[in-house]
Amino acid sequence: MKKFLFMICLLIAVANLPSTLGLNLSPKGVEKWFKNLSHAKEKMTKFHFYFHDIVSGKDPSAIQIAQANITSLSPTSFGLVKMMDNPMTIGPNINSEVIGRAQGMYGFTSFEDRELLMTFNFVFTQGKYNGSTLSILGHNRVSREYRELPVVGGSGVFRLARGTVTARTYWFNATTRDVIIECHVIILHY
């Protein structure tokens, strides 16, 4: 009976713990967080990682979900839209430690160059940022060595985040169209 009561107490205690790294995600918890915001000091956080956009093989991480009638005639793939759930890794090797997923979509938006509209989240699944996200929305001109994408928000410990992702193509296979993107992220958050 004591074990049973102990387990019940333990379950109640765990159920009442704030979620996502100590943040209370209930409406009242979020309201309290905003009320305390004026006293909070803004922090800068930097990340360096890679994401793997795999479009080939039997287990791709990005798939085509739509295309325009003219996409097959366009040298820039204009009108092609893909959904992605790409692994984010510490190193460029696909077998290095996975820290999260780059989840969202991108579409080819230019008749003149390979340019993308990208809207996606970096979803952290490991470490001290587990359960938190960064939201990215921006223009990506693939032909440039470095591309800047804005961080427009976040969740969890990255609530109200803003900043920049500097992306660079680390590796590209012209036959399979698979690509590894190196990301340097700098954000401000509370």
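How exposed is Met83, given as a relative accessible area? Met83 is partly exposed, at 37%. Keep that residue in mind as you go through these close-up views, which all come from a predicted model.

**View 1. A nonpolar patch on the surface includes Met83.** Four residues make this patch: Ile63, Ile65, Met83 and Met105. Together they give a nonpolar surface area of about 320 Å². Met83 belongs to strand S3. Its relative accessible area of 37% falls between the limits of 20% and 50%, so Met83 counts as partly exposed.

**View 2. The largest pocket has a volume of about 420 Å³.** Its lining is made of 25 residues, and those closest to the pocket centre are Asp53, Leu116, Val142, Phe172 and Val179. Sorted by class, the lining holds 17 nonpolar, 3 polar and 5 charged residues. In general, a probe the size of a water molecule, rolled over the atoms, shows where empty space is left.

**View 3. Several strands share the lining of the largest pocket.** Strands S1 (43-53), S3 (81-89), S4 (98-108), S5 (115-124), S7 (146-155), S8 (162-172) and S9 (179-189) each supply at least two lining residues. Which strand gives the most to this lining? That is S8, with 4 residues.

**View 4. Ile181 is a buried residue of the model.** You can find Ile181 in strand S9. Its relative accessibility is 9%, which is under the 20% limit, so Ile181 counts as buried. Look for Trp171 as well: Ile181 and Trp171 are 10 residues apart along the chain, and their C-alpha atoms are separated by 7.2 Å.

**View 5. Arg162 and Glu42 form a salt bridge.** The structure holds 6 salt bridges, and here you can look at one of them, where the side chains of Arg162 and Glu42 meet at 2.4 Å, N to O. Arg162 lies in strand S8, while Glu42 sits in the loop between helix H3 (27-35) and S1, so the pair ties together parts that are 120 residues apart in sequence. Both partners are partly exposed: Arg162 has a relative accessibility of 40%, and Glu42 has 29%. As a general rule, side chains of opposite charge can pair when their charged atoms come close.

**View 6. Arg141 forms a salt bridge with Asp113.** The closest N and O atoms of this pair are 3.8 Å apart. Arg141 is part of strand S6 (residues 133-141) and Asp113 is in the loop between S4 and S5, so this contact ties together parts that are 28 residues apart in sequence. Arg141 counts as partly exposed at 25% relative accessibility, and Asp113 also counts as partly exposed, at 23%.

**View 7. Arg141 also meets Glu115, and a network appears.** The side chains of Arg141 and Glu115 come together in a salt bridge of 3.1 Å, N to O. Here strand S6 provides Arg141 and strand S5 provides Glu115, so the pair ties together parts that are 26 residues apart in sequence. Is Glu115 buried or exposed? With 11% relative accessibility, Glu115 counts as buried. Which residues are joined into one network by salt bridges that share partners? They are Asp113, Glu115 and Arg141.

Terms used:
Residues numbered from 1 in each chain as written. Predicted model: local features only at pLDDT ≥ 70, side-chain atom pairs only at ≥ 80, totals over all residues. Heavy atoms only, no water. 1 Å grid on protein atoms, 1.4 Å probe; cavity = no way out; pocket = protein on both sides within 12 Å on 5 of 7 lines; lining within 4 Å. Points joined across faces, edges and corners; volume = space filled by probe spheres on them. Nonpolar A, V, L, I, M, F, W, Y, C, P; charged D, E, K, R; others polar. Patch = residues over 30% accessible without salt bridge, like charges linked within 9 Å, V, L, I, M, F, W, Y side chains within 5 Å. Areas by Shrake-Rupley, 256 points an atom, 1.4 Å probe, with all protein chains shown as cover. Buried < 20%, exposed > 50% of the residue type's maximum accessible area, 1.4 Å probe, protein only.
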